[in-house]
Amino acid sequence: VIQSDLGFLKERRLDLSQPLYAYCTRSINKVSARSVQWVNNDPHKFHLVGEDLLIPEDYTGWFNVVKQKTRKSSLPYRRVSEMIQSNMSTFLVAGITPIKAYFMTCRNKTYKHTPHQLLTGDIIRKGNNQILKEGSQALEALYQQHIECMGVTFALFHDEKDRSVLLRTQQNGVFYPIYQEGVAMTEERTLAMQFADLIMLYPPPVMVKLLHGWVPATQCGFTGTLYLINKDVETTVVASTFIRENVVSLEIPLGQFMRT
């Protein structure tokens, strides 16, 4: 148990002069960043706005790189059929509209299809037999169980739990191909990347767009487009409060003066 002299954080609604429980230390790359605000009608000019942000490399959100000349990241796929034709295998579901789908299970050679929705942040990958063939037992079972699917072509994908997911080939949506280590990036599109992969392939300074992930809950001028300024290895103490009803976890730099 440790106690901090950071009493000034009372203004931030977290009194760190209270006792804290210290779990461990960790050293990790952290990237300093600011939000980007574009200057009207000029794709080459922008302002850095809002609070300074510090993003650890194990942040679990998804990003892609923004081309400063156009202000844009590369376009995602907008239809399931485009994913099928792509040479990429794994995709991030984005956008705000849920994607209609069906879970497919097979037990004792009997197929069952359950309505499902893919949500922003879901990950899907192509199945081995991509298109369900006309006359196949799986497709015939789908038509019998869901008459609204009659005559519609479906493609097979798998989710992160390796469940079989059927999508209409003409289904619209927002799908970003995902970077996979060791796979050649032959696509013209900028890939969706986890933060650790992004800063390895595109060291700061670089401009990125958050496709999906947790955003700061406090007012900080966050715009969704970030300019990553630099990265440094930081060693911190992982700690939490334990004498209040709502436990708060936090990291404290090792250089901070503490009392034990």
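Q: In which strand is Asn-29 found?
A: Happy to start here, with the note that this is a predicted model. The chain has three helices and 17 strands to choose from. Asn-29 is found in one of those strands, namely strand 2.

Q: Is Asn-29 buried or exposed?
A: Let's look at its surroundings before the number. Leaving aside neighbours within four places in sequence, Asn-29 is in contact with Ile-55, Pro-56, Glu-57, Ile-199, Lys-231, Asp-232 and Val-233. Its relative accessible area is 19%, and the cut-off for buried is under 20%. Asn-29 therefore counts as buried.

Q: How many salt bridges does a search of the whole structure find?
A: Two examples make a good warm-up: Glu-251 pairs with Lys-30, and Arg-34 pairs with Asp-52. Arg-125 and Asp-162 also meet in a salt bridge. Searching the whole structure gives a total of seven.

Q: Which residue forms a salt bridge with Glu-251, with the closest N and O atoms 3.2 Å apart?
A: Glu-251 belongs to strand 16 (residues 249-253), and its partner sits in strand 2 (residues 19-38), 221 residues apart. Glu-251 is partly exposed, with a relative accessible area of 31%. The partner is buried, at 9%. That partner is Lys-30.

Q: Which residues are linked with Lys-30 and Glu-251 in a network of salt bridges?
A: The pair Glu-251 and Lys-30 is a handy way in, as these two form a salt bridge. Both also belong to a network of salt bridges. The other members of that network are Arg-26, Asp-58 and Glu-234.

Q: Which residue in strand 16 is the bridge partner of Val-238?
A: Here we turn from side chains to strand pairing. Strand 15 and strand 16 run antiparallel and are joined by five bridges. In strand 16, the partner of Val-238 is a residue that also forms a salt bridge with Lys-30. The residue is Glu-251.

Q: Which residues make up the covered face of strand 16?
A: In a regular strand the side chains alternate between the two faces of the sheet. In strand 16, Ser-249, Glu-251 and Pro-253 make up the uncovered face. The covered face is made by Leu-250 and Ile-252.

Q: What is the N to O distance in the salt bridge of Arg-34 and Asp-52?
A: Arg-34 lies in strand 2 and Asp-52 in strand 3 (residues 46-56), so to speak two distant parts of the chain, 18 residues apart. Asp-52 is exposed, with a relative accessible area of 61%. The side chains of Arg-34 and Asp-52 meet at an N to O distance of 3.6 Å.

Q: How many residues apart in sequence are the parts that Arg-125 and Asp-162 tie together?
A: The side chains of Arg-125 and Asp-162 meet in a salt bridge of 2.2 Å, N to O. Arg-125 lies in strand 9 (residues 123-131), while Asp-162 is in the loop between strand 10 (154-159) and strand 11 (164-168). Arg-125 is partly exposed at 33% relative accessible area, and Asp-162 is partly exposed at 48%. The parts they tie together are 37 residues apart.

Q: What is the phi of Asp-162?
A: Most residues other than glycine have a negative phi. Asp-162 is not a glycine, and yet its phi is positive. The value is about 65 degrees.

Q: Where is Asn-108 placed?
A: Asn-108 also has a positive phi, near 55 degrees, in a residue other than glycine. Asn-108 is exposed, with a relative accessible area of 71%. Its place is in the loop between strand 7 (99-107) and strand 8 (110-118).

Q: Which residue does a cis peptide bond join to Pro-204?
A: Most peptide bonds are trans. In this chain, a bond with an omega of about 5 degrees is cis. The residue joined to Pro-204 lies in the loop between helix 3 (195-201) and strand 14 (206-212). The residue is Pro-205.

Q: What is the area of the nonpolar surface patch made by Tyr-21, Tyr-23, Phe-242 and Ile-243?
A: Ile-243 is found in the loop between strand 15 (225-241) and strand 16. At 54% relative accessibility, Ile-243 counts as exposed. The patch it makes with Tyr-21, Tyr-23 and Phe-242 has an area of about 450 Å².

Terms used. Residues numbered from 1 in each chain as written. Predicted model: local features only at pLDDT ≥ 70, side-chain atom pairs only at ≥ 80, totals over all residues. Heavy atoms only, no water. Salt bridge = Lys/Arg side-chain N within 4 Å of Asp/Glu carboxyl O. Helix = DSSP H or I, 4+ residues; strand = E, 2+ residues; numbered from the N terminus. Buried < 20%, exposed > 50% of the residue type's maximum accessible area, 1.4 Å probe, protein only. Contact = heavy atoms within 4.5 Å. Patch = residues over 30% accessible without salt bridge, like charges linked within 9 Å, V, L, I, M, F, W, Y side chains within 5 Å. Areas by Shrake-Rupley, 256 points an atom, 1.4 Å probe, with all protein chains shown as cover. Pairing = 2+ DSSP bridges.
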